Amino acid sequence: MKTIHLIGIGAGNPEHLTLEAVRVLNTVDVFFLLEKDGVGKDALLDVRRSILEKHATAKPWRVVTSSTPARDREAANYEAAVKDWRDKRSEGIHAMIANEMADGEIGAFLVWGDPNLYDGMIDSLLQIQAEDPNLGMDFTVIPGITCIQALTAAHRIPLNRIGESITITTGRLLEDMDPAEVTNAVVMLDAKRTYRGFAETGHTIYWGAYLGTSNQILARGPVGDVSAQIDQALDNGRQRNGWIMDTYILRSNAEPGDKKGH
Ligand SMILES: C[S@@+](CC[C@H](N)C(=O)[O-])C[C@H]1O[C@@H](n2cnc3c(N)ncnc32)[C@H](O)[C@@H]1O
């Protein structure tokens with residue numbers, strides 16, 4: 001049997017690693033690093049390498065790197081494009097497990113944040129297991145600190161307010177939402193600065209970029225007051241570092257109790 005651990009490594013802060021993750025890191029024979037195309041890939045790989053050097057100290061291990069296919073970001077059908085990209089990536093992952101691991105060995109992928117949040121690794125491994133039972137592979141998931149937790153901790157806010165649900169969504173989906181329906185929403189993967197559409201709606205934004213890293217930037221306040229500041233921070237960050245990742249929470253100002261007329 002080949003065992004794979006999907007280890008959540010946090011969203012940029014190497015100290016956001018659980019004790020379980022550190023224990024498991026020290027059992028691994030081979031770490032698989034997936035190199036993504038595009039700017040920022042080096043910084044994201046550097047975080048992974050520094051985690052290994054600092055925490056995987058108990059026994060020798062090796063690293064196998066593989067480049068992941070580029071995704072067609074202009075495709076008209078978003079879901080089909082993502083599925084196609086994930087299928088191609090799964091083929092590469094399957095090949096690594098088949099060719100670069102001996103039976104009885106332990107392998108691991110260091111997953112940004114937590115494997116449960118906007119990440120395809122769990123699906124890929126399930127697909128590989130289903131398509132190739134003879135591979136003899138099983139896997140575990142080790143949770144990590146997500147960018148959402150890094151954001152709420154940095155702003156010192158709870159994720160939920162009393163009696164209210166939370167939406168976790170993407171910039172692409174937020175674009176089509178009625179602002180009146182957005183009471184408390186975490187927004188990720190927003191390349192289009194969709195928060196700008198909330199400048200006149202009375203929403204408050206809690207925004208963060210490079211969360212957990214030494215470059216972390218935060219902004220908060222009524223969207224109309226801080227959206228220019230966020231625009232500027234996004235432009236500057238991209239110019240300075242070549243890449244930027246940001247996440248934010250949008251909240252309607254009305255408290256849930258007020259909405260029910262209490
Ligand atoms: C593909 S998702 C992966 C999320 C990851 N699995 C997690 O648990 O945080 C990538 C998105 O997460 C958000 N993100 C990840 N790391 C971040 C960070 N350090 N600072 C701000 N946003 C981050 C951004 O919205 C980015 O577009």
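Buried area is the accessible area, taken with a 1.4 Å probe, that two parts lose on being put together, summed over both. That idea opens our tour of this predicted model, starting where its two domains meet.

**View 1. Domain 1 and domain 2 bury about 1100 Å² between them.** Of this buried area, 70% lies on carbon and sulfur atoms. The domain assignment places residues 2–145 in domain 1 and residues 148–259 in domain 2. If you step back to take in both domains, their C-alpha centres are 28 Å apart. At the interface itself, 14 residues of domain 1 are in contact with 15 residues of domain 2.

**View 2. One salt bridge is counted between domain 1 and domain 2.** Look here for Arg172 and Glu79, whose closest N and O atoms are 3.6 Å apart in a salt bridge. No residue pairs in polar contact are counted between the two domains, with both residues required to be at pLDDT 80 or more. On the side of domain 1 that touches domain 2, helix H2 (41–55) and helix H3 (78–100) each supply at least two residues. The residues on that side of domain 1 comprise nine nonpolar, four polar and one charged.

**View 3. Asp84 and Lys88 form a salt bridge through their side chains.** The N to O distance in this pair is 3.0 Å. Both residues belong to helix H3, and because they are four residues apart there, about one helical turn separates Asp84 from Lys88. For the wider picture, the salt bridge count comes to 11.

**View 4. The ligand is surrounded by 16 residues.** The closest of them are Ala11, Asp114, Leu117, Asp246 and Thr247, so they make handy landmarks for finding your way around this view.

**View 5. Backbone atoms of Trp112, Cys147 and Asp246 approach the ligand.** Start with Trp112, where a polar backbone atom is 2.9 Å from a nitrogen atom of the ligand. Turning to the ligand's oxygen atoms, a backbone N or O atom of Cys147 lies 2.9 Å from one of these. Asp246, listed among the closest residues to the ligand, has a polar backbone atom 2.7 Å from a ligand oxygen atom.

Notes
Residues numbered from 1 in each chain as written. Heavy atoms only, no water. Domains from an automatic or database assignment. Contact = heavy atoms within 4.5 Å. Salt bridge = Lys/Arg side-chain N within 4 Å of Asp/Glu carboxyl O. Polar contact = N/O pair within 3.5 Å; in protein donor to acceptor, adjacent residues only side chain to side chain. Nonpolar A, V, L, I, M, F, W, Y, C, P; charged D, E, K, R; others polar. Near = heavy atom within 4 Å.
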